[in-house]
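Thanks for coming. I will put the structure up and then go through a few local features, the sheets, the helices on them, and the cavity.

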Amino acid sequence: MIPVVVGTHPERNHWLQDCIKSIRATTRNRRVHIHRHGGYEITALRAGINKYRRFLFLHDSCEILDPEFWEHIDSTPPAWLYGAPHMYLGVFDSDQLAHAIRDAPEHMDKQASINWEGELGMRLQMPTLWPDITDANSQFAERHGRTNRVLGNHLARKFKGNWGQT
């Protein structure tokens with residue numbers, strides 16, 4: 001069973017509760033590391049690299065909807081979950097990922113994190129499990145006090161809060 005790294009922020013407890021509840025409802029005895037120290041995705045990915053040889057990275061705004069999701073994840077080589085922009089969501093080999101982010105800054109702001117999202121997608125030419133899931137195919141929904149793009153399928157979904165709005 002591949003372990004999971006969930007990136008979150010201390011102030012986002014409501015999102016994290018939804019995410020963890022969905023993981024527990026769809027799989028048993030899966031290791032989950034919650035990175036709650038901020039620093040955006042690259043910092044959370046580095047935490048995963050330090051803990052696991054291979055792992056799935058999820059944002060706290062992701063939910064697993066069906067146990068079948070784990071069958072895909074546990075059997076896949078390194079891969080992005082959704083089409084570009086990948087939102088950092090993927091199954092990673094730690095050595096490969098460490099090499100790809102070796103020169104990423106230790107501390108980032110939100111804009112730098114968004115820039116690195118595209119950079120990492122170019123550096124890691126991995127297959128995509130569900131390439132048709134993109135911003136273009138998303139819907140909008142209110143959740144936890146914000147308007148979100150909702151991307152996903154019957155297996156999993158992501159509530160995306162930053163999608164280029166001003």
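Tyr-40 has a relative accessibility of 36%, so it counts as partly exposed, the band between 20% and 50%. Bear in mind that this is a predicted model. Tyr-40 belongs to helix H2, which covers residues 40-51. Its phi is near 65 degrees, a positive value in a residue other than glycine.

Met-87 also needs a look at its backbone. Phi of Met-87 is near 60 degrees, again positive in a residue that is not glycine. Met-87 sits in the loop between E5 and E6. Is Met-87 buried or exposed? With a relative accessible area of 3%, Met-87 is buried.

That loop, between E5 and strand E6 (90-93), also holds Pro-85. The peptide bond joining Ala-84 and Pro-85 is cis, with omega about -5 degrees. Ala-84 is in turn one of the residues touched by Thr-134. Leaving out residues up to four places away in sequence, Thr-134 touches Gly-83, Ala-84 and Leu-151. Thr-134 itself is in the loop between strand E7 (128-130) and E8. Its relative accessibility is 17%, and the limit for buried is under 20%, so Thr-134 counts as buried.

Now the sheets, beginning with the six-stranded one. In what order do the strands of this open sheet run? The order is E2-E1-E3-E6-E5-E7, and the pairing is mixed. Strand E2 (32-35) and E7 are the edge strands, each pairing on one side only. From one strand to the next, the twist averages 25 degrees.

Within this sheet, strand E1 (residues 4-7) pairs with strand E3 (residues 54-59) in the parallel sense, over four bridges. Val-4 stands opposite Leu-56 in E3. H1 packs on the sheet and touches E1, E2 and E3, and its direction makes about 165 degrees with that of E1. Helix H3 (residues 68-75) lies across E1, E3, E5, E6 and E7, and runs at about 135 degrees to E3.

The other sheet to show is an open one of four strands. Its order is E4-E10-E9-E8, with antiparallel pairing. Which strands stand at the edges? They are strand E4 (62-64) and strand E8 (139-143); each has a single partner strand, so one side of each is left without a neighbour in the sheet. On average, neighbouring strands here are turned by 30 degrees against each other, direction ignored.

The partner of E4 is strand E10 (residues 156-160), joined to E4 by three bridges and running antiparallel to it. Ile-64 stands opposite Ala-156 in E10. Helix H1 turns up again here: H1 (residues 13-26) lies across E4, E8, strand E9 (146-152) and E10. Its angle to E4 is about 20 degrees.

One residue of E9 deserves a separate mention, and that is Gly-152. Gly-152 has a relative accessible area of 34%, and is therefore partly exposed. Gly-152 touches Tyr-82, Ile-133 and Arg-157, not counting residues up to four places away in sequence. How far apart are Gly-152 and Glu-63 in sequence and in space? They are 89 residues apart in sequence and 9.4 Å apart in space, C-alpha to C-alpha.

Glu-63, Tyr-82 and Arg-157 bring us to the cavity, as they are among the residues that line it. The count comes to one cavity of 30 Å³ or more. The space in the largest cavity is about 30 Å³. Which residues line the largest cavity? The lining consists of Leu-58, Cys-62, Glu-63, Ile-64, Phe-69, Leu-81, Tyr-82, Leu-89, Ala-156 and Arg-157. Ile-64 and Ala-156, the opposite pair from E4 and E10, are both in that list.

By element, E4, strand E5 (79-82) and E10 each supply at least two residues of this lining. E4 gives the largest share, three residues. By class, the lining has eight nonpolar, no polar and two charged residues.

To recap: the predicted model has a mixed sheet of six strands and an antiparallel sheet of four. H1 touches E1, E2 and E3 of the six-stranded sheet and lies across E4, E8, E9 and E10. Edge strand E4 also supplies the largest share of the cavity lining. That is what I had to show.

Notes: Residues numbered from 1 in each chain as written. Predicted model: local features only at pLDDT ≥ 70, side-chain atom pairs only at ≥ 80, totals over all residues. Heavy atoms only, no water. Pairing = 2+ DSSP bridges. Axes fitted to C-alpha atoms, helices over the stretch in contact; angles between N-to-C directions. Contact = heavy atoms within 4.5 Å. 1 Å grid on protein atoms, 1.4 Å probe; cavity = no way out; pocket = protein on both sides within 12 Å on 5 of 7 lines; lining within 4 Å. Points joined across faces, edges and corners; volume = space filled by probe spheres on them. Nonpolar A, V, L, I, M, F, W, Y, C, P; charged D, E, K, R; others polar. Buried < 20%, exposed > 50% of the residue type's maximum accessible area, 1.4 Å probe, protein only.
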